[in-house]
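Reader: I should like to work through a structure feature by feature. For each feature, please give the general idea and then the case at hand.

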Amino acid sequence: MGADAKTAMKVEMTDAAARRIAKIVSGEAGKTALRVSVEGGGCSGFSYKFDLVDTRNDDDVAIEKDGATVLIDDLSLVYMGGSVIDFVDDLMGQSFQIRNPNAVASCGCGTSFSV
């Protein structure tokens, strides 16, 4: 895989997301990371799934920042390459948001997209 392909597959998390993930994981006994995956379904074709986990799979890519770990499996990474995971706390509420440059359409709930 060339350098451009590796850069395109990279996923980042913001400082706000790292702080929130570290706080959530520290409050859950035995959990070590937040797993983000892409599944078929949702109102736009694909949807993001968030799970707290205690194990890392062989095909996982780990994104680590400030004591927080996000795990993404190889298949999901294909759809999420170049994305930024953020945590937003505003008047509309608190939520993880994924800014995905591969998505050509997304829904109002922010958890469903199409490529």
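Reader: In which sense do β4 and β5 pair, and over how many bridges?

Author: Strands of a sheet pair through backbone hydrogen bonds, either parallel or antiparallel. In this predicted model, the pairing of β4 with β5 is antiparallel and extends over 6 bridges. One position to inspect is A62, which has L71 of β5 opposite it.

Reader: How many residues lie between β4 and β5 in their hairpin?

Author: The hairpin has 2 residues between its strands. D66 belongs to the loop that links β4 (60-65) to β5.

Reader: What is the phi of D66, and is the residue buried or exposed?

Author: Most residues other than glycine have a negative phi, and most peptide bonds are trans. D66 has a positive phi, near 50°, although this residue is not a glycine. D66 counts as exposed because its relative accessible area is 58%, and exposure requires a value over 50%.

Reader: What is the overall secondary structure of the protein?

Author: The protein has 3 helices and 9 strands. Along the sequence they follow the pattern α-β-α-β-β-β-β-α-β-β-β-β.

Reader: Which strands make up the open sheet, and in what order?

Author: The open sheet has 3 strands in the order β1-β6-β7, and its pairing is mixed. At the edges are β1 (12-13) and β7, each of which pairs on one side only.

Reader: How do the strands on either side of β6 run relative to that strand?

Author: β1 runs parallel to β6, and 2 bridges join them; within this pair, E12 has V84 as its bridge partner in β6. The helix α2 packs on the sheet, where it touches β1, β6 and β7, and its direction makes about 80° with that of β6. On the other side, β6 (residues 84-90) and β7 (residues 93-99) are antiparallel and joined by 7 bridges. These two strands form a hairpin with 2 residues between them, and D90 stands opposite G93 in β7.

Reader: Which residues touch the most other members of the largest nonpolar core?

Author: In soluble globular proteins, nonpolar side chains tend to be buried together. Here the largest nonpolar core has 21 residues, and those that touch the most other members are M13, I21, V36, V70, I72, M80 and I85. At least two core residues come from each of α2 (15-26), β2 (33-40), β3 (46-53), β5 (68-73), α3 (74-80), β6 and β7. The largest share, 4 residues, is supplied by α2.

Reader: Which residues does I72 contact, leaving aside neighbours within four places in sequence?

Author: With those neighbours set aside, the contacts of I72 are V11, V36, D59, D60, V61, I63, L77 and M80.

Reader: Where is V11 placed, and is V11 buried or exposed?

Author: V11 is in the loop between α1 (3-9) and β1. Its relative accessibility is 6%, so V11 counts as buried. Residues up to four places away in sequence aside, V11 touches I63, I72, L77, M80, G81, S83 and I85. The C-alpha atoms of V11 and A62 are 9.4 Å apart, with 51 residues separating the two in sequence.

Reader: Where does S83 lie, and is S83 buried or exposed?

Author: S83 lies in the loop that connects α3 to β6. This residue counts as buried because its relative accessibility is 1%. Beyond its neighbours within four places in sequence, S83 is in contact with K10, V11, E12, I98, R99, N100 and P101. From S83 to N102 the C-alpha separation is 8.0 Å, and the two are 19 residues apart along the chain.

Reader: What share of the residues is buried, and how much surface does the protein expose?

Author: Of the 115 residues, 37% are buried. The exposed surface is about 6,600 Å², of which carbon and sulfur atoms supply 50%.

Reader: Where does pLDDT stay under 50, and what is its mean for the protein?

Author: Where pLDDT is low, the predicted coordinates should not be read in detail. In this model pLDDT stays under 50 over residues 1-7, which have 2 contacts beyond four places in sequence. The mean for the protein is 84, and 81% of its residues reach 70 or more.

Note on methods. Residues are numbered from 1 along each chain as its sequence is written. Side-chain values use heavy atoms; hydrogens and water are left out. Two strands pair if DSSP finds at least two bridges between them. pLDDT is the predictor's confidence in each residue, from 0 to 100. Contact means heavy atoms within 4.5 Å. A nonpolar core is a set of buried Ala, Val, Leu, Ile, Met, Phe, Trp, Tyr and Cys residues joined through side-chain atoms within 4.5 Å. Buried means under 20% relative accessible area, exposed over 50%, partly exposed in between (1.4 Å probe, protein chains only). Axes are lines fitted to C-alpha atoms, for helices over the stretch in contact, and angles run from 0 to 180 degrees between N-to-C directions. Accessible areas come from the Shrake-Rupley method with a 1.4 Å probe; for residues, only the protein chains shown count as cover.
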